[in-house]
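Reader: I would like to learn how to read helix packing and residue burial in a model of this kind. Could you take me through some examples slowly?

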Amino acid sequence: METKIKIFVVDDDPIYLLIASKSLQAIQEHEMTSFTSSEKFLKEMNESVDIVILDYNIDQLNGLDLTKIIHEKFPRTTIIGLSSQEDINVAADYIEYGAWRYIIKNKSSPRKIVDLVKEISIQILGSRQFSKEMNDLIRFKNIF
Amino acid sequence: MDSKIRISILDDNEIQQKIILRPIINDPSYDIKVFKRSLDFLNNLESGTDIAIVDYYIDELDGIEIVKQIKKRSKQTIVIGLSVQEKIEVAIDFIEAGAWRYVVMNENGHKKILKLVKEATLLIESNKKFLEEMKQLIKNS
């Protein structure tokens, strides 16, 4: 079973995410790709991506627009929304549009990101394990 | 935040009940209730159930019907469906009814249940934490 977690990041200043990626390295095997343009991100986005981390201010499309698009096209991908604002409305919009979590960008956010990726990775790996078991059941049926 | 995880088990087979209970019964983070009859189990739902473990063969209602009832009455409850049958049809019926996972009760069944209970616990705790953070954000804004 594949144990690597694939993460896409869209942020024009991915410094927090790079810090997070570094400390994540020791805990969870992952592959993080960062984008600074929403167009490039949408072109590369596909269903094999497990987690998408979106900043609020990107370019002509913001994090909420991208959340809507991703949630509709790739419902199995987990979305984490970022914003520098302590605004409950932004948080509520993110969740309404399909994000799993919302994080306020500050000095503790790298730690927060590591914790959340750890949490969701357990769920993602659990789902992969379950799919594998179900496939085994189907195979079992075909043998007998 | 420090409240216990409430687990309800519905299984009329006493041996299987014991097998499920053994690894979790002494863990103080769980508040566990065991039911033999589906009606008693469903009546208890509203008092708050985080994780429900439901066997396929019960009484007048089968496990699939019970999962549907759980999802109707207590949407946030995480349901684990059990059966001794290695049948994909049973698994699909459970998942379609709203179960989170399906476990075949073979010689490894109890280990799988323990692993799933731990996974579900992390999910529940994470959701609680996030809810608290959002409440804090409302207070601050």
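Author: What follows is a short walk through two helix pairs, one helix end and two single residues, all taken from a predicted model.

Reader: How should I describe two helices that pack together, and what are the values for α2 and α3 of chain B?

Author: Two packed helices are described by the angle between their axes and the distance between the axes. In chain B, the axes of helix α2 (residues 38-45) and helix α3 (residues 63-73) come within 10 Å and cross at roughly 15°. Angles under 35 degrees count as roughly parallel, and α2(B) and α3(B) are therefore roughly parallel to each other. The crossing in which α2(B) passes α3(B) is right-handed. On the α2(B) side the contact is made by B:S38, B:F41, B:L42, B:N43 and B:L45, while α3(B) brings B:I66, B:Q69, B:I70 and B:R73. Sorted by class, the residues of this contact of α2(B) with α3(B) are five nonpolar, three polar and one charged.

Reader: At what angle do α3 and α4 of chain A pack?

Author: Helix α3(A) and helix α4 (residues 88-96) of chain A pack at an angle of about 15°, and their axes are 9 Å apart. That angle makes α3(A) roughly parallel to α4(A). The crossing of α3(A) and α4(A) is right-handed. Here A:G63, A:L64 and A:T67 of α3(A) meet A:V90, A:D93 and A:Y94 of α4(A), and the residues of this contact of α3(A) with α4(A) are three nonpolar, two polar and one charged.

Reader: Which residues of helix α4 of chain B are buried?

Author: An α-helix has 3.6 residues a turn, so residues three or four places apart point the same way. In helix α4 (residues 88-97) of chain B, the buried residues are B:I88, B:V90, B:A91, B:F94 and B:A97. Helix α4(B) is followed by B:G98, whose phi is positive, near 120°.

Reader: Is A:D55 buried or exposed, and which side chain does the side chain of A:D55 join in a polar contact?

Author: Residue A:D55 sits in the loop between β3 (51-54) and α3 (63-73) of chain A. Buried means under 20% relative accessible area, and A:D55, with a relative accessible area of 6%, is buried. The side chains of A:D55 and A:K105 are joined by a polar contact of 3.3 Å. Leaving aside residues up to four places away in sequence, A:D55 touches A:V10, A:D11, A:D12, A:G63, A:L82, A:S83, A:Y94 and A:K105.

Reader: What is the relative accessible area of A:I15?

Author: Residue A:I15, which lies in helix α1 (residues 15-24) of chain A, has a relative accessible area of 43% and is partly exposed. The C-alpha atoms of A:I15 and A:P110 are separated by 9.1 Å, although these residues are 95 residues apart along the chain.

How values were computed. Residues numbered from 1 in each chain as written. Chains lettered and ligands numbered in written order. Predicted model: local features only at pLDDT ≥ 70, side-chain atom pairs only at ≥ 80, totals over all residues. Heavy atoms only, no water. Axes fitted to C-alpha atoms, helices over the stretch in contact; angles between N-to-C directions. Helix = DSSP H or I, 4+ residues; strand = E, 2+ residues; numbered from the N terminus. Parallel < 35°, antiparallel > 145°, perpendicular 65-115°, else oblique. Left-handed = near helix turned anticlockwise from the far one by under 90°. Contact = heavy atoms within 4.5 Å. Nonpolar A, V, L, I, M, F, W, Y, C, P; charged D, E, K, R; others polar. Buried < 20%, exposed > 50% of the residue type's maximum accessible area, 1.4 Å probe, protein only. Polar contact = N/O pair within 3.5 Å; in protein donor to acceptor, adjacent residues only side chain to side chain.
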